[in-house]
Amino acid sequence: MNFNNQIEIILTDTTLDPNLKSIAQKVKNNQRINFDEGVYLYEHGSLSYLGVLANYIRNKKHGDLTYFNRNFHIEPTNVCVYDCKFCSYSRLIKEREQGWEMDVDGMMEIVKKYDDEPVTEVHITGGVVPKQNLDFYADFFRKCKAHRPDLHIKGLTPVEYYYIFKKAKLSHYDGLKFLQECGLDSMPGGGAEIFHPEVREKIAHDKCTAEQWLDIHEQAHKLGMRTNATMLYGHIEEFRHRVDHMERLRLLQDKTFGFQTFIPLKFRNKENQMSDVPEVSVIEDLRNYAVARIYLDNFDHIKAYWAMISRNTAQLSLNFGVDDIDGTLDDTTKIYSMAGAEEQNPAMSTKELVKLIKEVGRKPIERDTLYNVINDYTDFVFEEDEKPKFYNLPVIN
Ligand code: SF4
C-alpha cells in the first residue's frame, strides 16, 4: 500500500486546520511531535486524518508485514491483594474460594500440554498472592526451562515483581537478575494502566506507582531483557493523561531502547467497580491506536490484542498503525473474557490468524517473542486449501 500520496493530499489541503497540517509535516519529515501536539491530535484529529498519518509511519517501519505468534497463557491465580477498580478478573483474598490459585505442578501441567505443539512463548500473568513469591516463581521458571528450553518465558509485570521483591528484600535489579538466571526471558507490559497520579490513585491506588513500574522495566532493560508496555484507556482519564503516559514511556525508551511493543488496552466495564463508566466506541479505539503510533516514534511495534477488541476491530486496527495482533492463545486467558470482551473463549488457529490478516491485504508473519521471523505466510497455502485432486473413478461395465 502506498500512503505517500495520502499524506501529500493532507499537506496540500488548503482547508485543513494549520496545526494539524504542521503535525502532518512533522510526521512526513520524521520529526517527533510534542506533548501539546499529542493532546491536539486526540482533540482535533479526525479518524481519517489520524489513519493516514499512522499508516504512513506503519508503512515506513513495516510495510504490509503484520505479526502474530503462537503462544499460550498461564494465569497462576486470579486472587489478588490489590483492589483495582477496573478489574473484572480478580477476587480479593477474603473471597479467594471464588478464584483459583495454582501450584508449580499445576503450572507445569499446562506447559506439558503443549509438548507437541509448535508454540514459542508462554505468557504468565495474574493476581498477586503472598505464597506465589520469589521461590515459587524461581522454582517454576527453572522447571519450565529444564522441561522445554526453547520456550520463551514472558513472565509477570512490575505489579507482581514490586510485591515479590519487597517481600524478599531485594532491589528491583537483583530480583530480576536472580529470576533471569532461573529462566525468565522477558516481561509483558501489564500493570501500567494510566501513570498519571490524578487517575492512578482513583483506579489503582494500592499497587505499584508509575515510578516503580518504570524502574522495574528500566532494570529489566539493563539486564538485556526486552519488555512491552500497555495503557488502559477509555475510562475516567482525559486525553492529557494518555499523552503523559506515552511521554513517560517515550522518555524511558530514549534511555534504554528496551521496549518492543506498545499495547493500548481498552477499558471494559463488565462486573467491576467501574461498571457505571461507559466504554468508548470502536472509532475511539482506532483513533487511540493511531495517536499512539504517531506519538511513540521510538517504539517499533503497536499491538492490538484481538482477544480484547474482537477480530473485526483487530482487522480494522491494521490500517491505524497496528502491526501486531498477538497470538493463538488457545483459550488460556480469562482476563479479557471476564472483563466483557466479545471473545469468550479466545483461541485462533494459525490458519485463522493468517486469513484474518490476509483479508485486509496485509502480509502475515509468524514471529517469536523477540520478533525474529519464524514463518512468512504471505504466499503460503495450507494443505487443506490446496486445489482438489482428481481421482480415477471405477468404471462400471
Ligand atoms: S488489575 Fe491486577 S493488580 Fe489490579 S486487582 Fe486485578 S489482578 Fe490485582
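Let me start with a bit of vocabulary: here Ala, Val, Leu, Ile, Met, Phe, Trp, Tyr, Cys and Pro count as nonpolar, Asp, Glu, Lys and Arg as charged, and the others, Gly among them, as polar. By that scheme, the shell around the ligand divides into 7 nonpolar, 2 polar and 2 charged residues. Before I go on, please keep in mind that this is a predicted model, where local features need pLDDT of at least 70 and side-chain atom pairs count only at pLDDT 80 or more, while totals for chains, interfaces and linings use all residues. Residues are numbered from 1 along each chain as its sequence is written.

So who sits in that shell? Around the ligand we find Cys 80, Tyr 82, Asp 83, Cys 84, Cys 87, Tyr 89, Ser 90, Gly 127, Val 128, Val 159 and Lys 207. A residue is listed as near the molecule if its C-beta atom, placed from the backbone, lies within 6 Å of it.

Now to the sheets. Helices (H or I, at least four residues) and strands (E, at least two) are DSSP runs, numbered from the N terminus. Two strands pair if DSSP finds at least two bridges between them.

One open sheet has 3 strands in the order β2-β5-β6, with parallel pairing. Its edge strands are β2 and β6 (152-155), each pairing on one side only. From one strand to the next, the twist averages 20°; for angles, axes are lines fitted to C-alpha atoms, for helices over the stretch in contact, and the values run from 0 to 180 degrees between N-to-C directions.

Let's walk across this sheet. β2 (residues 71-74) and β5 (residues 121-124) are joined in the parallel sense over 4 bridges. Here Asn 71 stands opposite Glu 121, and Phe 72 stands opposite Val 122. On the far side, β5 and β6 also pair in the parallel sense, over 4 bridges, and Glu 121 has His 152 as its bridge partner in β6.

What about the two faces? In a regular strand the side chains alternate between the two faces of the sheet. In β2, Asn 71 and His 73 on one side and Phe 72 and Ile 74 on the other are all buried. β5 is likewise covered on both faces, with Glu 121 and His 123 on one side, Val 122 and Ile 124 on the other, and all of them buried. Buried means that 20 or more other C-beta atoms lie within 10 Å of the residue's own, exposed means 12 or fewer, and partly exposed is in between, with C-beta atoms placed from the backbone.

The second sheet is also open, with 3 strands in the order β1-β10-β11 and mixed pairing. β1 (65-68) and β11 (373-376) are the edge strands, each pairing on one side only. The twist here averages 35° from one strand to the next. β10 (residues 363-367) runs antiparallel to β11, and 3 bridges join them; one pair is Glu 366 with Asn 375. Lying across β1 and β10 is helix α16 (residues 350-359), at about 140° to β10.

Next, helix α11 (residues 239-256). How far apart should its ends be? At 1.5 Å a residue, its 18 residues should span 26 Å, and the end C-alpha atoms are indeed 26 Å apart; the expected span is 1.5 Å times one less than the number of residues. Its buried residues are His 241, Arg 242, Val 243, Asp 244, His 245, Met 246, Leu 249, Arg 250 and Gln 253. They pack against α3 (35-44), α9 (197-203), β7 (227-233), β8 (259-266) and α12 (282-295), where contact means C-beta atoms, placed from the backbone, within 7 Å.

Finally, some backbone angles for you. Most residues other than glycine have a negative phi, and most peptide bonds are trans. Phe 257, which follows α11, has a positive phi near 50°. Glu 193, in the loop between α8 (172-182) and α9, has a positive phi near 50° too. Is Glu 193 buried or exposed? It counts as buried, because it has 26 C-beta neighbours inside 10 Å. Glu 271, in the loop between β8 and α12, has a positive phi of about 45°, and Glu 271 is exposed, with 12 other C-beta atoms within 10 Å.

Technical notes:
Two residues are in contact if their C-beta atoms, placed from the backbone, lie within 7 Å.
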